[in-house]
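Visitor: Please take me through one part of this predicted model in close detail. I would like a single side chain and its surroundings, then the ligand site.

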Amino acid sequence: MSIALFIQHRFSKRWKEYLSKLLPDTKIEIYPAIENDNSVEYAISWKHDMGVFDQFENLKVIASLGAGVHHILKDESIPESIEITRIVDEQLQKDMASFVLTQCFNSTRNIFQYQRQQVNKEWKLHTYKTPEETKVGILGMGVLGQATARLLNRNGFHVLGWSKSKKNIENVETFEENGLKQFLAKTNILVCLLPITKATIGIINQKLLSQLPKKSSFINVARGELVEDADLLKALDTNQLDWAVLDVFKEEPLPEHHLYWSHPKIVITPHSASLTNPKTASKQLAENYLRLKKGKKLNNVVDREKGY
Ligand code: NDP
Ligand code: OXD
């Protein structure tokens, strides 16, 4: 029984080193350098090539190297019998929360605007809103949404949360699926932390954006597929939106010709809001491998029906 890594650019050797320390007696290989396909029972994937698992007849588990799993679920060649797990890690939560907090402050304290002004050597003062005067609405109140809500709260922001099922979270005004309109009407900064599912693809569209108060901001740290790009650009151009911070895109790296690159009201980061940390997250990958070996129930298993 062995482990195979299918994680492209995501620092394969580093992951192998961390996992090897935790599982010194286990063979850990980096695809495509696999000695015996039939011994691979546990695969770790980050954006693997579609269909690549077909040749591994004894594969039992595919672990996502991230919190998101659409890159695995969209591969229709993966048999239903294979379990899919994802990362749920405190460091990932802290990093996501601090990224969103930083961008909320950048927005309320006019930092994006001052960066633009600096290019033109322009000294122009703007008033700003305090966190207490700012309502941050989070779409998706799962593991990362809730961690982000807690940190924003601790820093004085008023937080609203929207999710499929109703949540009771201290100091957060929560809305379930049918409360989207009310949630949007109250939001000044919209943060997207939804997974990709049939219901969420393209959810950030003209209809949704038009329900926000004028001059709101938008932070997408979920996935590019959730956004109708033309509608987002229009909302920025018509001042419905003030700023958009975009960390994720339909195509990554973002193509050179993309309109987002040069838009004056868009701030781009290269899918770096929260990176899975091998030091902390390798432990849960190793733990699940040992559980598999012992026939125990795995942790952080994805509900393939729900799609997240
Ligand atoms: P979770 O699965 O823990 O949470 C997902 C949340 O979305 C849940 O609250 C769920 O509702 C809600 N949701 C799902 N579908 C709907 C819907 N149709 N309507 C309303 N709410 C819905 O995911 P995580 O918090 O761990 O991660 C969220 C996403 O963040 C990942 O899928 C990934 O794409 C992205 N991500 C981005 C990173 C980056 O660096 N940019 C890093 C890590 C993750 P309910 O609770 O009711 O089920
Ligand atoms: C993730 C990501 O899903 O980094 O963890 O996007």
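Guide: Start with the side chain of Asn 220. One of its polar atoms lies 3.2 Å from the backbone oxygen of Arg 223. Asn 220 belongs to strand 10, which covers residues 216-220. The residue number 220 is thus also where that strand ends.

Is Asn 220 buried or exposed? Its relative accessible area is 1%. The cut-off for buried is under 20%, so Asn 220 counts as buried.

Now the packing. Leaving aside residues up to four places away in sequence, Asn 220 touches Cys 192 and Val 227. Asn 220 also touches a run from Val 245 through Leu 246 and Asp 247 to Val 248.

One of those contacts leads to the ligand. Asp 247 touches Asn 220. An N or O atom in the side chain of Asp 247 also sits 2.9 Å from a nitrogen atom of ligand 1. The backbone contributes too. Val 221 places a backbone N or O atom 3.0 Å from a ligand 1 nitrogen. For Lys 164, a backbone N or O atom is 2.9 Å from a nitrogen atom of ligand 1. The protein covers 93% of the 940 Å² of accessible area that ligand 1 has on its own.

Step back to the whole site. Ligand 1 is surrounded by 29 residues. The closest are Arg 86, Leu 144, Ser 165, Lys 167 and Tyr 308. The space that ligand 1 takes up is the largest pocket.

Conventions: Residues numbered from 1 in each chain as written. Chains lettered and ligands numbered in written order. Predicted model: local features only at pLDDT ≥ 70, side-chain atom pairs only at ≥ 80, totals over all residues. Heavy atoms only, no water. Helix = DSSP H or I, 4+ residues; strand = E, 2+ residues; numbered from the N terminus. Buried < 20%, exposed > 50% of the residue type's maximum accessible area, 1.4 Å probe, protein only. Polar contact = N/O pair within 3.5 Å; in protein donor to acceptor, adjacent residues only side chain to side chain. Contact = heavy atoms within 4.5 Å. Near = heavy atom within 4 Å. Areas by Shrake-Rupley, 256 points an atom, 1.4 Å probe, with all protein chains shown as cover. 1 Å grid on protein atoms, 1.4 Å probe; cavity = no way out; pocket = protein on both sides within 12 Å on 5 of 7 lines; lining within 4 Å. Sits in = over half its atoms within 2 Å of the grid points.
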